[in-house]
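Trainee: Got a minute to go through a structure with me? I'd like to start with the pockets and then wander a bit.

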Amino acid sequence: GDNAKLTSLAGLTLFNQLGGVIQSLMVFKDETNVYQITGDSALNTLAINSLNLATGTRSPNSIATTPQGLAFISPEGMRIIDFYAKISDPVGFDGNAVTSPFSQTVVPSRINGSCNGSLYRVTTQNGAASGTPTQEFWYDVTRQIWSGPHTSTASMIQPWRGTFIIAP
């Protein structure tokens with residue numbers, strides 16, 4: 001609806017109210033907006049909806065499909081868009097886990113992450129730590145447990161079979 005640059009696009013399967021599954025496209029528009037696009041352009045049924053929170057991402061490489069939905073790093077920390085298109089609170093908010101390395105990252109566009117099975121791995125240059133080291137954190141989506149920082153940092157990471165391929 002305007003000329004603002006888009007940060008990223010990601011597909012997400014959604015549950016609908018009738019019990020079926022539909023495909024949607026999540027459009028990340030800067031760090032304060034996520035829009036959902038559903039419908040079919042051939043049938044002229046496209047619909048654009050703003051999601052429930054004023055958040056987004058400055059880290060397009062952090063967006064990954066998980067068993068719980070679409071994970072991404074927002075300015076406040078890791079969040080998940082569930083299959084009902086609701087954005088979660090930051091995972092680990094209020095001292096319960098890892099948020100400050102993401103909210104105080106040195107270069108937000110360099111954060112990258114990927115999920116394979118139930119493990120979400122994310123690398124950032126942690127401005128909250130002495131010397132601003134590059135660190136990796138792991139989040140087990142199923143058990144809801146963070147681990148890290150790890151020293152196996154990646155400039156790019158992708159899932160492959162039962163593991164990951166990383167570019168240091």
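Mentor: Happy to. By class, the lining of the largest pocket splits into six nonpolar, one polar and two charged residues. Keep in mind that this is a predicted model.

Trainee: Noted. How much space lies in the largest pocket?

Mentor: About 210 Å³.

Trainee: And which residues line the largest pocket?

Mentor: The lining is made of Gly-1, Asp-2, Ala-4, Leu-6, Val-27, Lys-29, Tyr-35, Ile-37 and Ile-48. Strand S2 (21-29) and strand S3 (33-38) are the elements that give two or more residues to that lining.

Trainee: What about the second largest pocket, how much space lies there?

Mentor: About 170 Å³. Its lining has two nonpolar, nine polar and one charged residues. Among the lining residues are Asn-61, Ser-109, Arg-110, Asn-112, Thr-153 and Met-156.

Trainee: Which strand gives the most to the lining of that second pocket?

Mentor: Strand S9, residues 119-125, with three residues. Thr-123, Thr-124 and Gln-125 are all on the list of lining residues, and so is Thr-134.

Trainee: Where does Gln-125 find its bridge partner?

Mentor: In S10, where Thr-134 is the partner of Gln-125. Both residues also line the second largest pocket. S9 and S10 run antiparallel and are joined by seven bridges.

Trainee: Is S10 mostly covered or mostly open?

Mentor: Mostly covered. Strand S10 spans residues 134-140, and five of its seven residues are buried.

Trainee: What does S10 pair with besides S9?

Mentor: Strand S11, residues 145-150, in the antiparallel sense, over four bridges. One of the bridge pairs is Tyr-139 with Trp-146 in S11. S10 and S11 form a hairpin with four residues between them.

Trainee: Which residue in that turn has a positive phi?

Mentor: Gln-144, at about 60°.

Trainee: Switching topic. How many salt bridges does the structure hold?

Mentor: Five. One of them brings together the side chains of Asp-140 and Arg-143, at 3.1 Å from N to O.

Trainee: Are those two buried or exposed?

Mentor: One of each. Asp-140 counts as buried because its relative accessibility is 15%, under the 20% cut-off. Arg-143 has a relative accessible area of 58%, so it is exposed.

Trainee: Where else is there a salt bridge?

Mentor: Between Glu-76 and Arg-79, with the closest N and O atoms 3.1 Å apart. Glu-76 is partly exposed, because its relative accessible area is 32%. Arg-79, at 7% relative accessibility, counts as buried.

Trainee: What about Arg-58, which side chain does it meet?

Mentor: That of Glu-31, in a salt bridge of 3.2 Å, N to O. The pair links distant parts of the chain, 27 residues apart. Arg-58 is in the loop between strand S4 (47-50) and strand S5 (64-66), while Glu-31 is in the loop between S2 and S3.

Trainee: And how accessible are Arg-58 and Glu-31?

Mentor: Arg-58 has 34% relative accessibility, so it counts as partly exposed. Glu-31 is partly exposed too, with a relative accessible area of 32%.

Trainee: Back to empty space for a second. How many cavities of 30 Å³ or more are there?

Mentor: The count comes to one. About 30 Å³ of space lies in the largest cavity, and Arg-58 turns up again in its lining, along with Ser-59, Ile-73, Ser-74, Pro-75, Phe-102, Thr-105, Pro-108 and Ile-111. By class, that lining has five nonpolar, three polar and one charged residues.

Trainee: Last topic, the nonpolar core. How many residues has the largest one?

Mentor: It has 16 residues. Those with the most contacts inside it are Ile-73, Met-78, Phe-102, Tyr-120, Val-122, Tyr-139 and Trp-146. Strand S6 (69-74), strand S7 (77-81), S9 and S10 are the elements that give two or more residues to this core.

Trainee: How many residues are in the second, separate core?

Mentor: That one has 14 residues, including Leu-14, Met-26, Phe-28 and Leu-70.

Trainee: Why would nonpolar side chains be buried together?

Mentor: That is a general tendency of nonpolar side chains in soluble globular proteins.

Trainee: Great, thanks for the tour!

Note on methods
Residues numbered from 1 in each chain as written. Predicted model: local features only at pLDDT ≥ 70, side-chain atom pairs only at ≥ 80, totals over all residues. Heavy atoms only, no water. 1 Å grid on protein atoms, 1.4 Å probe; cavity = no way out; pocket = protein on both sides within 12 Å on 5 of 7 lines; lining within 4 Å. Points joined across faces, edges and corners; volume = space filled by probe spheres on them. Nonpolar A, V, L, I, M, F, W, Y, C, P; charged D, E, K, R; others polar. Buried < 20%, exposed > 50% of the residue type's maximum accessible area, 1.4 Å probe, protein only. Pairing = 2+ DSSP bridges. Salt bridge = Lys/Arg side-chain N within 4 Å of Asp/Glu carboxyl O. Core = buried A, V, L, I, M, F, W, Y, C linked by side-chain atoms within 4.5 Å.
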